[in-house]
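I have a new model open and want notes on it before I go back to the bench. Ring pairs come up first, then the rest as I get to it.

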Amino acid sequence: MVSFNVFTILAAAVASVAAIPAGTATIGNRLPSRTFLTGVTHSVVAGRGGALVYDPDNVVAQPGDTVEIHFLAANHSIAQSDFAHPCTPLADGTGLFAGFNFATSEGQNPNVYQFTVIDNSPLWFYCPQPKGAHCTKGMLLAVNQNFDSQNTLSKQRELAAKVEPVVPPVVQGGRLGGFQRANPNPLSGF
Ligand SMILES: [Cu+2]
């Protein structure tokens with residue numbers, strides 16, 4: 001009976017480990033330990049058609065969903081802000097910043113950037129590329145914006161148009177556990 005119980009516990013442990021996608025663990029991953037990954041991925045394309053956009057620029061996601069950024073030609077990135085200060089990194093230093101590691105002259109960069117939605121709170125992101133002021137020109141991404149509030153993506157674009165993008169000082173995954181990885185699905189989002 002004892003050995004059966006041990007086996008059962010071991011089997012459960014192996015099963016739970018196997019359920020985590022390869023590549024999830026990374027240095028700087030600060031995901032809350034109880035975040036349950038749903039396995040759902042929302043693909044977002046940065047720079048589609050050469051435009052200064054994330055497409056889509058509005059994602060509705062559940063806690064545990066993954067948002068995956070694919071980078072097309074140019075030198076885009078992604079950084080996290082709050083609603084009221086678009087183009088500026090989160091002041092408390094907890095925001096993610098992917099770094100400028102995704103430049104490509106054609107096609108899409110072989111790497112993507114992933115982060116995990118950890119609750120239903122609105123999340124705000126911008127492209128911090130200062131050359132050409134991508135954020136100022138509206139390169140913003142909202143996750144779970146609340147359309148019943150004043151804080152909508154269209155309103156944030158009005159705020160962004162008045163400021164210059166700030167490059168965050170540190171490349172980090174932030175509370176959302178963001179990390180760079182090889183593109184697991186090159187056709188995703190196209
Ligand atoms: Cu950009």
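**Rings.** I started with the aromatics, keeping in mind that this is a predicted model. Phe71, Phe102 and Tyr113 are linked into a cluster by ring pairs. I looked up Phe102 with Tyr113: the ring centres are 6.3 Å apart and the planes sit at 85°, so I put the pair down as edge-to-face. Phe102 is in the loop between strand E5 (79-81) and E6, while Tyr113 is in strand E6, so this pair ties together parts 11 residues apart in sequence. Both Phe102 and Tyr113 are buried.

The count of aromatic pairs comes to 5. Another one I checked is Phe97 with Phe100, with centres 5.9 Å apart and planes at 75°, so that pair is edge-to-face too. Buried or exposed, what is Phe97? Phe97 has 4% relative accessibility, so it counts as buried. Phe100 has 29%, so I noted it as partly exposed.

**Core.** Next I pulled up the largest nonpolar core, which has 23 residues. Those with the most contacts inside it are Tyr54, Ile69, Ile78, Tyr113, Phe115 and Phe125. Which elements give two or more residues to this core? They are strands E1 (41-46), E4 (66-74), E6 (104-116), E7 (123-126) and E8 (140-143). E4 gives the largest share, 3 residues.

I then followed Phe125. Leaving out residues up to four places away in sequence, Phe125 touches, among others, Ile78, Leu96, Phe115, Met139, Leu141 and Leu176. There is also a second, separate core of 11 residues, including Ala79, Cys87, Trp124 and Ala160.

**Copper.** Met139 took me to the metal. Which residues coordinate the copper ion? I get His76 (ND1), Cys127 (SG), His134 (ND1) and Met139 (SD), at 2.0 to 2.8 Å. In sequence, the spacing of these donor residues reads H-x50-C-x6-H-x4-M.

Why is the arrangement irregular? The 4 donor atoms subtend angles of 86 to 136° around the copper ion, and tetrahedral would need all angles between 85 and 135 degrees. Two of the donors I checked for burial: His134 is buried because its relative accessibility is 8%, and Met139 is buried at 0%.

**Whole protein.** Last, I zoomed out. I get 2 helices and 9 strands, running α-β-β-β-β-β-β-β-β-α-β from the N terminus. Of the 190 residues, 43% are buried. For contacts with a separation of 6 or more, 77% are between residues 24 or more positions apart. The accessible surface is about 9,800 Å², and 60% of that belongs to carbon and sulfur atoms.

Notes. Residues are numbered from 1 along each chain as its sequence is written. This is a predicted model: local features need pLDDT of at least 70, side-chain atom pairs count only at pLDDT 80 or more; totals for chains, interfaces and linings use all residues. Side-chain values use heavy atoms; hydrogens and water are left out. Donors are N, O and S atoms within 2.8 Å of the metal (3.2 Å for Na, K and Ca); water is not among the atoms, so sites may look incomplete. Four donors count as tetrahedral if all angles lie between 85 and 135 degrees; four count as square planar and six as octahedral if opposite donors are over 155 degrees apart and all others between 65 and 115; anything else is irregular. Buried means under 20% relative accessible area, exposed over 50%, partly exposed in between (1.4 Å probe, protein chains only). Helices (H or I, at least four residues) and strands (E, at least two) are DSSP runs, numbered from the N terminus. Contact means heavy atoms within 4.5 Å. Accessible areas come from the Shrake-Rupley method with a 1.4 Å probe; for residues, only the protein chains shown count as cover. A nonpolar core is a set of buried Ala, Val, Leu, Ile, Met, Phe, Trp, Tyr and Cys residues joined through side-chain atoms within 4.5 Å. Rings of Phe, Tyr and Trp (its six-membered ring) pair if their centres lie within 6.5 Å; planes under 30 degrees apart count as stacked, over 60 as edge-to-face and the rest as tilted.
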